[in-house]
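Here's a quick briefing to read alongside the model. Have the viewer open and follow along by topic.

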Amino acid sequence: MVEPARPVQHDEPVDFELYRGELVAFCYRMLGSVHEAEDLVQETLLRAWKARDRYDPVRASVRTWLYRIATNVCLTALEGRGRRPLPSGLGVASDDPEAPLMPALDVPWLEPFPDARFDVEVRADLRLAWVAAVQVLPARQRAVLVLRDVLAFTAAEVAEQLGTTVAAVNSALQRARAALANVGDAGAVTEPDDPEVRAVIQRYMQAFEAADVPALVRLLADDAVLEMPPVPLWYRGSRDYGRFLERVFQMRGTDWAMRELTANRQPALAAYAPEPGGGRRLHTVQVFTVTDGRVAHNVVFADPRVFDAFELPGEIPDNEFRRER
């Protein structure tokens with residue numbers, strides 16, 4: 001007779017913290033919010049700790065077990081919720097550079113992912129366009145897609161995690177893949193440390209600091225997209241993109257400061273606007289898509305909660321700015 005597996009005892013430590021980073025990335029893909037993802041991972045690890053004496057290593061690895069808990073925590077959190085969009089997912093592009101900049105604070109906007117804070121494997125499926133597209137899927141399809149195609153769990157493992165059948169998992173995966181078929185080729189996505197991409201971003205940064213709109217427009221793809229959550233306004237085309245930047249510099253002045261970072265495995269910049277009394281205050285986090293040596297998409301986040309997630313300094317004094325230059 002085979003002796004049943006002995007569950008882990010309280011005095012046998014299991015280091016759940018090893019999985020925190022990848023669990024945050026998973027919950028972020030599911031919910032589109034870093035803040036919510038961190039809260040749900042904390043709940044996941046707390047549930048795991050309380051149930052550690054019931055964990056059976058014969059039935060599943062610690063990682064698989066944690067993902068089962070995290071998946072159910074996410075599905076519960078998503079009950080009755082709508083998606084987290086970007087402005088381009090809500091309406092048509094504007095052609096008015098003077099359109100009112102009224103934030104829609106009632107919309108739960110998609111948030112960027114601060115790469116530097118989490119040790120997560122580099123993958124194209126963290127990019128903003130992909131995460132935004134995934135938000136359209138029903139919650140269980142979303143979970144199946146991420147668990148199968150991103151995390152490479154087997155259909156049987158996902159069925160166990162979701163309390164369903166392999167056939168149901170395969171059907172949900174097929175529907176999810178079909179819905180995301182037009183998101184774009186992940187293989188064409190360039191990495192932020194690609195030399196050509198870095199050169200484009202550094203030229204963009206220099207032109208922005210100089211408020212040089214013609215130089216900025218020369219770096220744009222003809223159909224470049226600019227969007228600015230929480231303002232439900234977006235522009236398509238280098239001409240309208242440039243006209244809006246002219247308005248920004250007229251409103252906020254010139255002599256900006258920019259800092260390089262990455263978000264969603266994409267190049268990004270923190271933009272600091274000049275203050276009337278001196279120094280510069282954090283104004284936006286801008287996340288770029290660069291294709292064929294041109295900026296194809298820039299999502300400009302102005303929500304202070306986004307700044308908190310990136311742990312950025314709120315101000316840059318004049319002496320520090322000059323020293324950086």
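What volume does the second largest pocket have? It comes to about 420 Å³. Keep in mind that this is a predicted model. Below you'll find that pocket, then three helix pairs, then a couple of backbone spots to look at.

**The second largest pocket**

- The second largest pocket is lined by 23 residues, and the closest to its centre are L101, V248, H283, T284 and A302.
- If you'd rather browse by element, two or more lining residues come from each of helix 8 (195-209), strand 1 (220-228), helix 10 (238-252), strand 5 (280-291) and strand 6 (294-301).
- Sorted by class, the lining of the second largest pocket has 17 nonpolar residues, 4 polar ones and 2 charged ones.

**Helix 1 with helix 2**

- Helix 1 (residues 20-31) and helix 2 (residues 34-50) have axes that come within 8 Å and cross at roughly 125 degrees.
- That angle makes helix 1 oblique to helix 2, because it falls outside the 65 to 115 range that counts as roughly perpendicular and isn't over 145, where roughly antiparallel begins.
- The crossing of these two, helix 1 and helix 2, is right-handed.
- On the helix 1 side, the residues in contact are R20, L23, V24, C27, Y28 and L31; they meet V34, E36, A37, E38, L40, V41, Q42 and L45 in helix 2.
- The class split for the contact of helix 1 with helix 2 is 10 nonpolar, 1 polar and 3 charged.

**Helix 1 with helix 3**

- Helix 1 also packs up with helix 3 (residues 62-78): their axes come within 10 Å and cross at roughly 30 degrees.
- Helix 1 and helix 3 are therefore roughly parallel to each other, and helix 1 passes helix 3 in a right-handed crossing.
- From helix 1, the contact uses E22, L23, F26, C27, M30 and L31, while helix 3 supplies R63, L66, Y67, A70, T71, C74, L75, A77 and L78.
- Count that contact of helix 1 with helix 3 by class and you get 12 nonpolar, 1 polar and 2 charged residues.

**Helix 6 with helix 7**

- The axes of helix 6 (residues 155-162) and helix 7 (residues 166-179) come within 8 Å, crossing at roughly 100 degrees.
- So helix 6 and helix 7 are roughly perpendicular to each other.
- A155, A156, V158 and A159 are the helix 6 residues here, and they meet V166, V169 and N170 in helix 7.
- There's no charged residue in the contact of helix 6 with helix 7, which divides into 6 nonpolar and 1 polar.

**Backbone spots to look at**

- P229 and P230 are joined by a cis peptide bond, with omega about 15 degrees.
- To find P230, go to the loop between strand 1 and strand 2 (231-236).
- R265 has a positive phi, near 60 degrees, in a residue other than glycine.
- Look for R265 in the loop between strand 3 (257-263) and strand 4 (266-274).

Methods: Residues are numbered from 1 along each chain as its sequence is written. This is a predicted model: local features need pLDDT of at least 70, side-chain atom pairs count only at pLDDT 80 or more; totals for chains, interfaces and linings use all residues. Side-chain values use heavy atoms; hydrogens and water are left out. On a 1 Å grid over the protein atoms alone, a cavity is a set of points where a 1.4 Å probe fits but cannot get out, and a pocket is an open set with protein on both sides within 12 Å along at least five of seven lines; lining residues have an atom within 4 Å of a point. Grid points are joined across faces, edges and corners, and a volume is the space filled by probe spheres set on the points. Helices (H or I, at least four residues) and strands (E, at least two) are DSSP runs, numbered from the N terminus. Ala, Val, Leu, Ile, Met, Phe, Trp, Tyr, Cys and Pro count as nonpolar, Asp, Glu, Lys and Arg as charged, and the others, Gly among them, as polar. Axes are lines fitted to C-alpha atoms, for helices over the stretch in contact, and angles run from 0 to 180 degrees between N-to-C directions. Angles under 35 degrees count as roughly parallel, over 145 as roughly antiparallel, 65 to 115 as roughly perpendicular and the rest as oblique. A crossing is left-handed if the near helix is turned anticlockwise from the far one by less than a right angle, and right-handed if clockwise. Contact means heavy atoms within 4.5 Å.
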